Amino acid sequence: MSGPAFVQRPWQRFNRRERFARFVLYFGMVFACVISLRTVQIIPEFLYDAPEQMADLLRRMWPIEWAYYKKGVHEVLLETLHIATLGTVLAILMALPVGLLAAQNVTPVTWVNYLAKLILVSSRSVNSLVWALLFVAIFGPGPLAGTMAIAFRSIGFVGKLFGEALEEARPGPVEALRAVGAPWPTIFIKGYWPQVEPAFWAIALFRWDISVRESAVLGLVGAGGIGMAIDSAMNLFQWERVALMLAAIFAVVLVAEVVVTQIRKRVI
């Protein structure tokens, strides 16, 4: 008497539920793209003419007016770096307490955690240009508005990453300090800080690197820095000077990237 026949089923990577979920996901992505294209209302004539307009703009930017650097670019470029640096320092000073309150293992109070996370989300949800517009309305045009915009925009970034680094800290050293009755400042300095210090410096350097890029465009809305000079030159159709300022921004960003990389190698 022969045994039951073995039926070999074809191998499938995903089961029926997974295939349905993938279909819904892909359909949603395609639907969102279609709706976005209809909302953006792309004009085909502008697309056809774009290469010609770009070529004309590049011809106007050449030759670059290098002689204008000392007169009209150097000071505003340094101002841009000052805005980025001071804004980042202010952001770190404001974000660290919020990050401590957001970390559940450091502050085991649920409503305080949610309040701190609400502050961090609120900071990140507003673009730096919008922050700059708000502070220009409060303080008037100038580098102070740009500095405050960088600072308030960076609170969410620094605070979120610092809070997550605290939550990932090993509990062993902290529990040992608590067991011997150490006060909270000692617990933080001896238990938490040695574990999160590399992450802190990485976050601070990365945020400064981003702030240098952001501060270059805040001047377009009157928040100081080289962006104001670019806006003025564009309004006067001085494209050779615009090209010079763009080249200066590219050089500063490149140097900042090298500096941050070297500091990370030596500090972290």
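**View 1. Leu133 on helix 5 of this predicted model.** At 48% relative accessibility, Leu133 counts as partly exposed, because the exposed class begins only over 50%. Leu133 belongs to helix 5, which spans residues 128-139. A useful partner to display with Leu133 is Ala149: the two are 16 residues apart along the chain, and 8.4 Å separates their C-alpha atoms.

**View 2. Helix 4, from end to end.** Helix 4 runs over residues 110-125, 16 residues in total. Does its length come out as expected, and what span should we look for? At 1.5 Å a residue, helix 4 should span 22 Å, and its end C-alpha atoms are indeed 22 Å apart, so the two values agree.

**View 3. The two faces of helix 4.** Let's now look around the axis of helix 4. Its buried residues are Val112, Asn113, Ala116, Leu120 and Ser123. These cover an arc of only 105° around the axis, which means that they sit on the same side of helix 4. As a general reminder, an α-helix has 3.6 residues a turn, so residues three or four places apart point the same way. The cover over the buried residues of helix 4 includes helix 3 (69-102), helix 5 (128-139) and helix 6 (143-167). On the face turned away from that buried side you will find the exposed residues Thr110, Trp111, Tyr114, Leu118 and Ser125.

**View 4. Thr147, a buried residue of helix 6.** Thr147 lies in helix 6 and has a relative accessible area of 7%, so Thr147 is classed as buried. Which residues does Thr147 touch, leaving aside those up to four places away in sequence? The contacts are Ile83, Leu86, Gly87 and Leu90.

**View 5. A salt bridge along helix 6, between Lys160 and Glu164.** The side chains of Lys160 and Glu164 meet at 2.9 Å, N to O. The two residues are four apart in helix 6, which means that about one helical turn separates them. Lys160 is partly exposed at 34% relative accessibility, and Glu164 is partly exposed too, at 33%. For the model as a whole, the count comes to four salt bridges.

**View 6. A salt-bridge network of Asp209, Arg213 and Glu257.** Start from Arg213, which forms a salt bridge with Asp209, their closest N and O atoms being 2.5 Å apart. Both residues are in helix 8 (residues 184-218), four residues apart, or about one turn of the helix. Are the two partners buried or exposed? Arg213 is partly exposed, with a relative accessible area of 37%, whereas Asp209 is buried, with a relative accessible area of 5%. Arg213 also meets Glu257 in a salt bridge, at 3.5 Å from N to O. Arg213 lies in helix 8 and Glu257 in helix 10 (residues 239-267), so this pair ties together parts that are 44 residues apart in sequence. Glu257 counts as partly exposed, at 35% relative accessibility.

**View 7. Ala247 of helix 10 and Trp66.** Ala247 is found in helix 10 and is partly exposed, with a relative accessible area of 26%. Where should you place the other end of a distance label? Try Trp66: it is 181 residues from Ala247 in sequence, with 9.9 Å between the two C-alpha atoms.

**View 8. Phe237 and its positive phi.** Here is a backbone detail to check on a Ramachandran plot. Phe237 has a positive phi of about 60° although it is not a glycine. For context, most residues other than glycine have a negative phi. Phe237 lies in the loop between helix 9 (226-235) and helix 10. Phe237 is also exposed, with a relative accessible area of 59%.

**View 9. A nonpolar surface patch that includes Phe27.** Which residues make this patch? The members are Phe20, Phe23, Val24, Phe27, Phe31 and Ile35, and the patch measures about 660 Å². One of them, Phe27, is found in helix 1 (residues 16-40). Phe27 is exposed, with a relative accessible area of 52%.

Key. Residues are numbered from 1 along each chain as its sequence is written. This is a predicted model: local features need pLDDT of at least 70, side-chain atom pairs count only at pLDDT 80 or more; totals for chains, interfaces and linings use all residues. Side-chain values use heavy atoms; hydrogens and water are left out. The expected span of a helix is 1.5 Å times one less than its number of residues. Buried means under 20% relative accessible area, exposed over 50%, partly exposed in between (1.4 Å probe, protein chains only). The arc is that of the directions from the helix axis to the C-beta atoms. Contact means heavy atoms within 4.5 Å. Patches are made of residues with over 30% relative accessible area and no salt bridge: like charges are joined within 9 Å, nonpolar side chains (Val, Leu, Ile, Met, Phe, Trp, Tyr) within 5 Å. Accessible areas come from the Shrake-Rupley method with a 1.4 Å probe; for residues, only the protein chains shown count as cover.
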